[in-house]
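Colleague: Mind if I throw some questions at you about this model? I'd like the contacts and the sheet explained.

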Amino acid sequence: MVGEIMTDIEKSFGRQAFGLNPAAYHSARPDYPDWVYDMLVTRCGLRPGTKVFEIGAGTGTATRRLLALGADPLVAIEPDARLADFLEASLPDQPLKVLRAPFEEAALPEVAFDLGICAAAFHWLDEETALQKVARLLKPGGWWAAIWNIFGDASRPDPFHDATHELLSGFDSPSAGTRGIPFGLDAEARTEAIKRSGAFDIVDYKIVPWQLVLTADETVALYATYSNLTAREDREAVLAELGRIAREEFGGRVERNMTTSVFVGRRGVGF
């Protein structure tokens, strides 16, 4: 029987939680919807020659699109050397610099960037401290964007979640949030944190639900990238049971409710 452990994952675990198999992680994780990148272009000014830093770039899901849209240079900060190596090797001949360090320790020039990005990683940082550093890195008028793909939506029926809830109960990562709302969907908390920094004169957000359809194998591959499974000693048994449920109880077709959120702020002149 699969064991059950109830605890919370420390934020520092995020620095090593996703590098076990970078290629598998990259192929399993879905990209962000096109509207996210449209928002970065139309609202945040991303265009050829935009100086960008990206926190927690991982295997480069967002990095690739940022480069394609003109980020030059793009400084990617990634604390896991395995992910950083994969990112660097898979994007040769690009205006990309990869810093192998936690964001808190990364040496970056201040007042030097037009745009700062963090895709699905900001919940691993101390929000208040990180936002202060973000503000110091941006030029006046530069933009900050924090992005999340949230796997699940309590407002919509979710049969696969219901069927696997007991199996997956255990470790909670910081992405779960602290107010009964996923970190990346807590619009009040995220916008208030940006405002509280005192550095941004415009703060806005957009949240859009969508649907992700997976085969049984894709389901197992995706769940294998979750930090709350990486932290479990019975990880392989849990993944095997997930695969069985997907095949036998859902006919090899799993529909997951997804929600994507983007929180943006423009660095004010007087900070």
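Modeller: Sure, and one term up front: a residue counts as buried when its relative accessible area is under 20%, and as exposed when that value is over 50%. Keep in mind that this is a predicted model.

Colleague: Then let's use that cut-off: is F263 buried or exposed?

Modeller: The cut-off for burial is under 20%. F263 comes out at 1% relative accessibility, so the residue counts as buried.

Colleague: How many aromatic pairs are there, and what geometry do W148 and F263 have?

Modeller: Searching the whole structure gives 10 aromatic pairs. For W148 and F263, the ring centres are 6.1 Å apart with the planes at 75°. Planes over 60 degrees apart go into the edge-to-face class, so this pair is edge-to-face.

Colleague: Which strands do W148 and F263 lie in, and how many residues apart are the parts they tie together?

Modeller: W148 belongs to strand 6 (residues 138-151) and F263 to strand 9 (residues 253-267). W148 is buried, with a relative accessible area of 3%. Because the two rings lie in those two strands, the pair ties together parts whose separation in sequence is 115 residues.

Colleague: What class does the pair F151 and Y226 fall into?

Modeller: F151 is in strand 6, while Y226 is in the loop between helix 8 (216-223) and helix 9 (227-230), 75 residues apart. F151 is partly exposed at 23% relative accessible area, whereas Y226 is buried at 13%. Their ring centres are 5.4 Å apart and the planes make 50°, so the pair is tilted.

Colleague: Which residues make up the cluster that ring pairs link?

Modeller: F151 and Y226 are among its members. The full cluster is F151, F160, Y223, Y226 and F250.

Colleague: On to charges. How many salt bridges does the structure hold, and which side chain does R65 meet in one?

Modeller: The total is 22 salt bridges. One of them has an N to O distance of 3.2 Å, inside the 4 Å limit for a salt bridge. The partner of R65 there is D34.

Colleague: How many residues apart are R65 and D34?

Modeller: R65 sits in helix 3 (residues 61-68) and D34 in helix 2 (residues 34-42), so going by these DSSP runs the pair links distant parts of the chain. The separation is 31 residues.

Colleague: Which ring does the charged end of R65 sit over?

Modeller: R65 is partly exposed, with a relative accessible area of 26%. Its charged end is 4.0 Å from the centre of the ring in question, which belongs to Y37.

Colleague: And which ring face does R190 lie over?

Modeller: The distance to the ring centre is 3.6 Å here. The ring is that of F183.

Colleague: D234 and R232 also form a salt bridge. What is the relative accessible area of R232?

Modeller: The closest N and O atoms of D234 and R232 are 2.9 Å apart. D234 is buried at 16%. R232 is buried too, with a relative accessible area of 5%.

Colleague: What separates E241 and R244 along helix 10?

Modeller: E241 and R244 form a salt bridge, with the closest N and O atoms 2.9 Å apart. Because they are three residues apart in helix 10 (residues 235-249), the separation is about one helical turn.

Colleague: Which residues are in the network with E241 and R244?

Modeller: E241 is partly exposed at 25% relative accessible area, and R244 counts as partly exposed at 25%. Salt bridges with shared partners join one network: E241, R244, E248 and E249.

Colleague: Now the sheet. What is the strand order, and which strands are at the edges?

Modeller: The sheet is open, has seven strands with mixed pairing, and runs in the order 4-3-2-5-6-9-8. Each edge strand pairs on one side only, and these are strand 4 (96-99) and strand 8 (200-215).

Colleague: What is the average turn between neighbouring strands, and what angle does helix 8 make with strand 8?

Modeller: Ignoring direction, neighbouring strands of this sheet are turned against each other by 15° on average. Helix 8 packs on the sheet and touches strand 6, strand 8 and strand 9. Its direction and that of strand 8 make about 140°.

Colleague: Last one: which residue is the bridge partner of I55 in strand 3?

Modeller: Strand 2 and strand 3 run parallel and are joined by four bridges. In strand 3 (residues 74-77), L74 and A76 point one way, V75 and I77 the other way, and all are buried. The partner of I55 is I77.

Methods: Residues numbered from 1 in each chain as written. Predicted model: local features only at pLDDT ≥ 70, side-chain atom pairs only at ≥ 80, totals over all residues. Heavy atoms only, no water. Buried < 20%, exposed > 50% of the residue type's maximum accessible area, 1.4 Å probe, protein only. Phe/Tyr/Trp six-rings, centres within 6.5 Å; stacked < 30°, edge-to-face > 60°. Lys NZ or Arg CZ within 6 Å of the ring centre and 35° of its normal. Pairing = 2+ DSSP bridges. Axes fitted to C-alpha atoms, helices over the stretch in contact; angles between N-to-C directions. Contact = heavy atoms within 4.5 Å.
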